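Visitor: Please show me the model, and explain how each term applied to it is justified.

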Amino acid sequence: MLKRIIFTGLMVGMVLVLAAAFQPRPVQAADVVKIGVIDLQTAINDSKKGQGAKAALVKKFEKRQNELSTRESELQKMQEDLERQSAMLSPEAKYEKEKTLKRKMRDFQDIYRDYSEQMKKDEMESTQPIVEGILLEAHNYGKENGFTLILEAKKAGVLYVPDSMDITAEVVKRYDAK
């Protein structure tokens with residue numbers, strides 16, 4: 001009987017100790033989580049260097065775009081001519097014109113694909129240093145202002161964020177100032 005009382009007393013004591021250990025404690029200042037969000041694409045587009053890089057790319061590819069437009073117009077004209085003359089052409093002549101048109105269309109598609117790939121490559125090369133600068137500035141801003149976490153809005157899958165947590169404009173302002 002004495003063992004039972006001692007055992008019950010020990011159990012009650014352990015329960016009280018465990019309950020006290022798991023009591024919610026007040027939040028301390030060090031426990032406050034400060035989260036910021038940055039829209040990297042907006043930061044690139046809004047920064048002075050980003051706007052300059054975009055203008056340079058547009059200027060660089062205007063010539064290529066004009067060349068593509070000229071080739072496309074030529075193809076459309078060839079297609080229209082073939083459709084108009086189709087009834088009057090011999091089967092062999094029609095076949096040759098269709099073959100030539102298809103070859104020129106493939107050439108056009110190859111050139112278009114090459115231009116697109118080159119444009120993507122050039123865009124990556126011109127924006128990569130800007131991205132790195134903005135990320136560094138976001139890191140420094142977060143460190144200086146006591147942020148626990150800064151997320152990239154689009155890639156992190158953030159569906160909603162209050163404007164008070166969006167630090168994009170401040171980071172762009174600091175990046176442009178450097």
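Guide: Buried means under 20% relative accessible area, exposed means over 50%, and partly exposed lies in between (1.4 Å probe, protein chains only). The model is predicted, so local features need pLDDT of at least 70 and side-chain atom pairs count only at pLDDT 80 or more, while totals for chains, interfaces and linings use all residues. Residues are numbered from 1 along each chain as its sequence is written, and side-chain values use heavy atoms, with hydrogens and water left out.

Visitor: Why is Asp39 called buried?

Guide: Asp39 has a relative accessible area of 11%; the limit for buried is under 20%, so Asp39 is buried.

Visitor: What makes the contact of Asp39 and Lys154 a salt bridge?

Guide: A salt bridge requires a side-chain nitrogen of Lys or Arg within 4 Å of a carboxyl oxygen of Asp or Glu. For the side chains of Asp39 and Lys154, the N to O distance is 2.9 Å, so the pair qualifies. Asp39 lies in the loop between strand E1 (35–38) and helix H2 (40–46), and Lys154 in the loop between strand E2 (149–152) and helix H5 (168–177), so the salt bridge ties together parts that are 115 residues apart in sequence. Helices (H or I, at least four residues) and strands (E, at least two) are DSSP runs, numbered from the N terminus. Lys154 has a relative accessible area of 57% and is therefore exposed.

Visitor: How do you know that Lys60 and Asp122 meet in a salt bridge?

Guide: Their side chains are 2.7 Å apart, N to O, and the limit is within 4 Å. Lys60 lies in helix H3 (residues 48–85) and Asp122 in helix H4, so the pair ties together parts that are 62 residues apart in sequence. Asp122, at 7%, is buried, whereas Lys60, at 43%, is partly exposed.

Visitor: Why do Glu170 and Lys173 count as a salt bridge?

Guide: The closest N and O atoms of Glu170 and Lys173 are 3.8 Å apart, and the rule asks for within 4 Å, so the pair is included. Both residues belong to helix H5, where a spacing of 3 residues separates them by about one helical turn. Glu170 is partly exposed at 30%, and Lys173 is exposed at 54%.

Visitor: How many salt bridges does this rule give?

Guide: The count comes to 10 salt bridges. In addition to the pairs already discussed, Glu137, Glu144, Arg174 and Lys178 are linked in a network of salt bridges.

Visitor: What makes Phe108 and Tyr112 a stacked aromatic pair?

Guide: Rings of Phe, Tyr and Trp (its six-membered ring) pair if their centres lie within 6.5 Å; planes under 30 degrees apart count as stacked, over 60 as edge-to-face and the rest as tilted. The rule yields 2 aromatic pairs. Phe108 and Tyr112 stand at 6.4 Å centre to centre with 25° between the planes, and are stacked. They are 4 residues apart in helix H4, separated by about one helical turn. Phe108 is buried at 15%, while Tyr112 is partly exposed at 47%.

Visitor: Why is the pair of Tyr141 and Phe147 called tilted?

Guide: The centres of Tyr141 and Phe147 are 5.8 Å apart and the planes make an angle of 35°. That angle is neither under 30 nor over 60 degrees, so the pair is tilted. Tyr141, at 13%, is buried, and Phe147, at 17%, also counts as buried.
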